[in-house]
Amino acid sequence: MVERADGDVTARVAKAARAAKRGHPAVGGGRRGVVVGGVTVGLAGVMGLHGVIPNSPGRIGSLVESLLPWGGVVVALLFAVALARRSGVGLVALLLPMGVWVHSFGELLLPPPEPGARELLVVQHNVSDVNPDPAGTARALLAAGGDLVALEELVVPALGVYEDVLGADYPHHVVHGTVGLWSKYPIEEERLVDIRPRAFEAGWSRGLRAVVRTPYGDVAAYVAHLPSVRLGAGGLASSRRDESARMLGDLVRGEKVRTVILMGDLNSTVDDRGLGPLTSQLNVAERGFAFSYPAALPLARIDQVLARSAGVSHIRTLPATSSDHLPVAARVALDPLPPSGRPAP
């Protein structure tokens with residue numbers, strides 16, 4: 001009996017040694033596979049059920065939603081780990097978060113559709129209030145050939161430079177506070193819009209509305225720069241941005257012009273629930289990630305183009321300027337006019 005037991009032990013040790021030499025750890029491999037599998041299932045839950053993550057404390061829900069596109073990178077890293085450990089359990093489990101990510105963001109990877117008959121090219125850029133080369137920035141925006149150009153962080157004397165450089169190609173423009181709109185088509189109406197959070201001083205002015213008479217009908221164009229957010233020990237400080245987004249959402253909801261295009265630095269991604277008052281009633285980009293901030297290492301698209309009675313068929317970044325943001329260019333496909341041939345009231 002003793003000899004047989006000793007023989008069994010010796011055989012098991014030899015088997016483990018051969019498995020280790022082949023790169024198949026005999027001890028703990030299954031346990032590690034379960035760990036990888038558990039992490040992947042948890043990741044799938046976060047990506048697929050992010051809406052149930054509470055926003056308190058520290059607006060953790062908004063923070064997670066702002067980073068959702070990067071879940072694909074985490075999936076790729078977990079795939080490499082599971083492959084290196086030859087974990088069948090981990091590789092199978094990865095199908096779940098991979099499917100969730102593709103369902104949420106896969107369409108953004110598709111090539112842009114063919115241009116339509118009723119389409120505007122819109123350029124959006126936070127030019128930076130400390131931009132050392134506003135003339136070069138303006139020339140770079142001209143090269144994009146947009147129909148509309150929306151700018152934020154316009155300050156004196158840089159404003160005069162933008163007006164001089166853009167004026168020849170864009171004969172119509174309006175500026176309120178630190179935001180401006182340049183258009184190839186006539187601007188029929190224009191006014192300041194109040195999106196100032198209650199805690200801010202009266203001089204804070206970052207929103208405008210203009211009615212642009214395009215060849216495809218009137219468009220209510222909004223340009224906005226929502227308050228900045230900060231990430232600190234207490235989490236994401238975004239309450240003032242969220243308040244401003246709610247005010248802007250109320251204005252858009254009450255807009256009488258059928259077609260609306262909102263352009264601006266919204267200081268958030270379209271997945272962040274903080275922009276819910278806007279994304280719940282405006283279409284977001286269908287193709288393209290266009291990460292725009294920070295320009296040196298773009299991690300998120302916070303420069304947005306959203307639309308009503310129109311689709312944002314594609315969005316892309318433009319070459320870097322002297323700003324800390326990258327400019328973005330979006331193709332906006334306008335819906336057909338009503339049977340009357342005139343925009344609906």
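Here is a walk through the structure shown above, from the whole chain down to a single buried serine. Keep in mind as you look that this is a predicted model.

Let's start with the whole chain. It has 345 residues, and 45% of them count as buried. Along the chain you'll find ten helices and 13 strands. The accessible surface adds up to about 16700 Å², with carbon and sulfur atoms accounting for 61% of it. There's also a nice number for how the chain folds back on itself: take the contacts between residues at least 6 apart in sequence, and 69% of them join residues at least 24 apart.

Now for the sheets. One of them is an open sheet of six strands, and if you read across it the order is β3-β4-β2-β1-β13-β12, with mixed pairing. At the edges stand β3 (172-176) and β12 (310-317); each has a single partner strand, so one side of each is left without a neighbour in the sheet. From one strand to the next, the twist averages 15 degrees.

Begin at the β3 edge. Here β3 runs antiparallel to β4 (residues 179-183), and five bridges join the two. One spot to find is His-176, whose bridge partner in β4 is Val-179. Helix α8 (residues 158-167) packs on this sheet and touches β2, β3 and β4, its direction making about 10 degrees with that of β4.

Move further in and you reach β2 and β1, which run parallel and are joined by five bridges. To see the pairing up close, look for Val-122, which has Leu-148 in β2 as its bridge partner. Is β2 itself buried or exposed? Five of its five residues are buried, so the rest of the structure largely encloses this strand. Leu-148, Ala-150 and Glu-152 point one way from β2, while Val-149 and Leu-151 point the other way, and all are buried. A helix lies here too: α7 (residues 134-144) goes across β1 (119-126) and β2 (148-152), at about 160 degrees to β1.

Time for another sheet. This open one has five strands in the order β5-β6-β7-β10-β11, and its pairing is mixed. Its edge strands are β5 (187-192) and β11 (303-308), each of which pairs on one side only. The twist averages 15 degrees from one strand to the next.

In this sheet, β10 is a good strand to follow. On one side, β10 (residues 259-265) runs parallel to β7 (residues 217-225), and seven bridges join them. You can trace that pairing through Val-219, whose bridge partner in β10 is Thr-259, and through Ala-224, which stands opposite Gly-264 in β10. Helix α9 (residues 239-253) packs on the sheet, where it touches β7, β10 and β11; its direction makes about 170 degrees with that of β7. The pairing of β10 with β11 is antiparallel and has six bridges. There, Ile-261 has Ala-307 in β11 as its bridge partner.

So how many residues of β10 are buried? Seven of the seven are, so β10 is largely enclosed by the rest of the structure. Both of its faces are covered: Thr-259, Ile-261, Met-263 and Asp-265 are buried on one side, and Val-260, Leu-262 and Gly-264 are buried on the other.

Next, look for an opening. The largest pocket has a volume of about 600 Å³. It is lined by 25 residues, and the closest to its centre are Val-229, Leu-236, Asn-267, Tyr-293 and Ile-302. Both α3 (60-66) and β8 (230-232) contribute to this lining, with at least two residues each.

Finally, zoom in on Ser-238. You'll find it in the loop between β9 (235-237) and α9. Why does Ser-238 count as buried? Because its relative accessibility is 2%, and the cut-off for buried is under 20%. Setting aside neighbours within four places in sequence, Ser-238 is in contact with Arg-59 and Val-229. Val-229 is a residue you've already met at the pocket, among those closest to its centre. Asn-267 is on that list as well: Ser-238 and Asn-267 are 29 residues apart in sequence, with their C-alpha atoms 9.2 Å apart in space.

Conventions: Residues numbered from 1 in each chain as written. Predicted model: local features only at pLDDT ≥ 70, side-chain atom pairs only at ≥ 80, totals over all residues. Heavy atoms only, no water. Helix = DSSP H or I, 4+ residues; strand = E, 2+ residues; numbered from the N terminus. Buried < 20%, exposed > 50% of the residue type's maximum accessible area, 1.4 Å probe, protein only. Contact = heavy atoms within 4.5 Å. Areas by Shrake-Rupley, 256 points an atom, 1.4 Å probe, with all protein chains shown as cover. Pairing = 2+ DSSP bridges. Axes fitted to C-alpha atoms, helices over the stretch in contact; angles between N-to-C directions. 1 Å grid on protein atoms, 1.4 Å probe; cavity = no way out; pocket = protein on both sides within 12 Å on 5 of 7 lines; lining within 4 Å. Points joined across faces, edges and corners; volume = space filled by probe spheres on them.
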